[in-house]
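Below is a short report on one protein chain. Keep the sequence and the 3D view open while you read.

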Amino acid sequence: MAALAQLPPLPPQFKSIQHHLRTAQEHDKRDPVVAYYCRLYAMQTGMKIDSKTPECRKFLSKLMDQLEALKKQLGDNEAITQEIVGSAHLENYALKMFLYADNEDRAGRLNKNMIKSFYTASLLIDVITVFGELTDENVKHRKYARWKATYIHNCLKNGETPQAGPVGIEEDNDVEENEDAGATPLPTQPPRPSSSAYDPGSVPSSSFTGIQIPPGAHAPANTPAEVPSSAADVRLTPEDFARAQKYCKYAGSALQYEDVSTAVQNLQKALKLLTTGRE
């Protein structure tokens with residue numbers, strides 16, 4: 001993929017999006033779709049912050065040029081031309097990164113790549129908001145990942161041994177200001193979560209400030225005990241069909257990553273919606 005024109009210096013007003021732009025640069029070759037949406041998020045957020053002062057307008061103009069160049073290079077990629085596919089791609093990518101970091105953490109394999117993965121996952125969940133409001137699950141994952149990145153980074157910095165898993169969460173952690181938590185590059189492809197790293201059943205789902213985070217290696221959802229044999233009496237709205245289609249797209253995207261449990265969960269959601277009219 002052709003190199004993009006360099007951006008001018010980041011205006012101080014846009015400090016909150018600097019890490020999203022850094023993540024975009026890191027993914028230009030690894031996953032251009034992720035890179036595109038990171039820049040789109042930065043663009044939309046920057047417009048809300050300041051689109052009037054000369055330095056901000058100049059920066060946003062150059063960022064727009066990058067977006068247009070990326071969109072042209074990606075051509076007919078469905079993840080760019082269809083929001084449902086793009087949303088599924090981004091959400092599954094963020095989830096895979098979160099699960100990789102969570103598995104590494106719970107297995108006691110503490111390293112900077114794992115910290116980076118937690119932090120990057122939280123940034124990518126920010127980016128998902130370009131498609132609309134986050135699900136409750138994504139909000140919880142973002143909060144946990146952001147807290148965990150800061151917690152482990154600070155422990156290692158102070159010569160302390162971090163505790164694995166959800167051991168408590170502080171509401172006032174500001175990892176946006178933490179330059180070091182996300183400074184180490186990720187592997188080109190995050191390692192696949194290993195089922196032998198730990199026994200998911202032996203790790204209880206701990207709670208902190210009302211948040212439940214399951215173990216990283218999610219088991220497939222249970223198959224519904226009963227599936228209605230006929231949905232003839234169910235009246236579905238256009239919105240229901242759109243949601244069902246979204247779940248099927250999510251499942252398809254998950255299968256590209258060989259993520260069976262996520263695919264099964266989304267297909268079951270689609271099936272329940274189509275047969276009962278409820279989610």
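How do the residues of the lining of the largest pocket divide into nonpolar, polar and charged? The answer is 11 nonpolar, 11 polar and eight charged. Note at the outset that this is a predicted model.

## Overall fold

The chain has nine helices and two strands. Read from the N terminus, the order of elements is α-α-α-α-α-α-α-β-β-α-α.

The chain holds 279 residues, and 43% of them count as buried. Take the contacts with a separation of 6 or more. Of these, 72% join residues that sit 24 or more positions apart.

## The largest pocket

The largest pocket holds about 830 Å³ of space. Its lining is made of 30 residues. Closest to the centre are Glu91, Thr135, Glu137, Asn138 and Tyr250.

Four elements give two or more residues each to this lining: helix 5 (83-106), helix 7 (136-157), helix 8 (238-256) and helix 9 (260-276). Helix 5 supplies the largest share, with eight residues.

## Helix 5

Helix 5 runs for 24 residues. From first C-alpha to last, helix 5 reaches 34 Å, close to the 34 Å expected at 1.5 Å a residue. Helix 5 is also mostly covered, with 21 of its 24 residues buried. Just after helix 5 comes Gly108, where phi is positive, at about 80°.

Leu95 is a good residue to find in the view. Leu95 lies in helix 5. Is Leu95 buried or exposed? Leu95 counts as buried because its relative accessible area is 19%, and the cut-off for buried is under 20%. Leaving aside residues up to four places away in sequence, Leu95 touches His141 and Thr262. Leu95 and His141 are 46 residues apart in sequence, yet their C-alpha atoms are 8.6 Å apart in space.

## Helix 2

How does the span of helix 2 compare with what 1.5 Å a residue predicts? The 18 residues of helix 2 should span 26 Å. The end C-alpha atoms are 25 Å apart, so the two values agree.

Helix 2 is largely enclosed by the rest of the structure, because 14 of its 18 residues are buried.

## Aromatic pairs

The count of aromatic pairs comes to eight. One of them joins Phe14 and Phe59. This pair is tilted, with 5.8 Å centre to centre and 55° between the planes. The pair links distant parts of the chain. Phe14 sits in the segment before helix 1 (18-26), and Phe59 sits in helix 3 (residues 54-74), 45 residues apart. Phe14 is buried, at 0% relative accessibility. Phe59 is buried too, with a relative accessible area of 2%.

Another tilted pair is formed by Tyr37 and Phe131, at 4.9 Å centre to centre and 55° between the planes. Here the partners are 94 residues apart. Tyr37 is in helix 2 (residues 32-49), while Phe131 is in the loop between helix 6 (112-127) and helix 7. Tyr37 counts as buried at 3% relative accessibility. Phe131 is partly exposed, because its relative accessible area is 22%, and partly exposed begins where buried, under 20%, ends.

## Around helices 6 and 7

Which residues form one aromatic cluster? They are Phe98, Phe118, Tyr144, Trp147 and Tyr151.

Tyr119 belongs to helix 6. Tyr119 is buried, with a relative accessible area of 2%. The C-alpha atoms of Tyr119 and Tyr144 are separated by 9.7 Å, with these positions 25 residues apart along the chain. Lys140 is found in helix 7. Lys140 counts as partly exposed, at 33% relative accessibility. The C-alpha atoms of Lys140 and Ser122 are separated by 9.9 Å, and the two residues are 18 apart along the chain.

Key: Residues numbered from 1 in each chain as written. Predicted model: local features only at pLDDT ≥ 70, side-chain atom pairs only at ≥ 80, totals over all residues. Heavy atoms only, no water. 1 Å grid on protein atoms, 1.4 Å probe; cavity = no way out; pocket = protein on both sides within 12 Å on 5 of 7 lines; lining within 4 Å. Points joined across faces, edges and corners; volume = space filled by probe spheres on them. Nonpolar A, V, L, I, M, F, W, Y, C, P; charged D, E, K, R; others polar. Expected span 1.5 Å × (residues − 1). Buried < 20%, exposed > 50% of the residue type's maximum accessible area, 1.4 Å probe, protein only. Contact = heavy atoms within 4.5 Å. Phe/Tyr/Trp six-rings, centres within 6.5 Å; stacked < 30°, edge-to-face > 60°.
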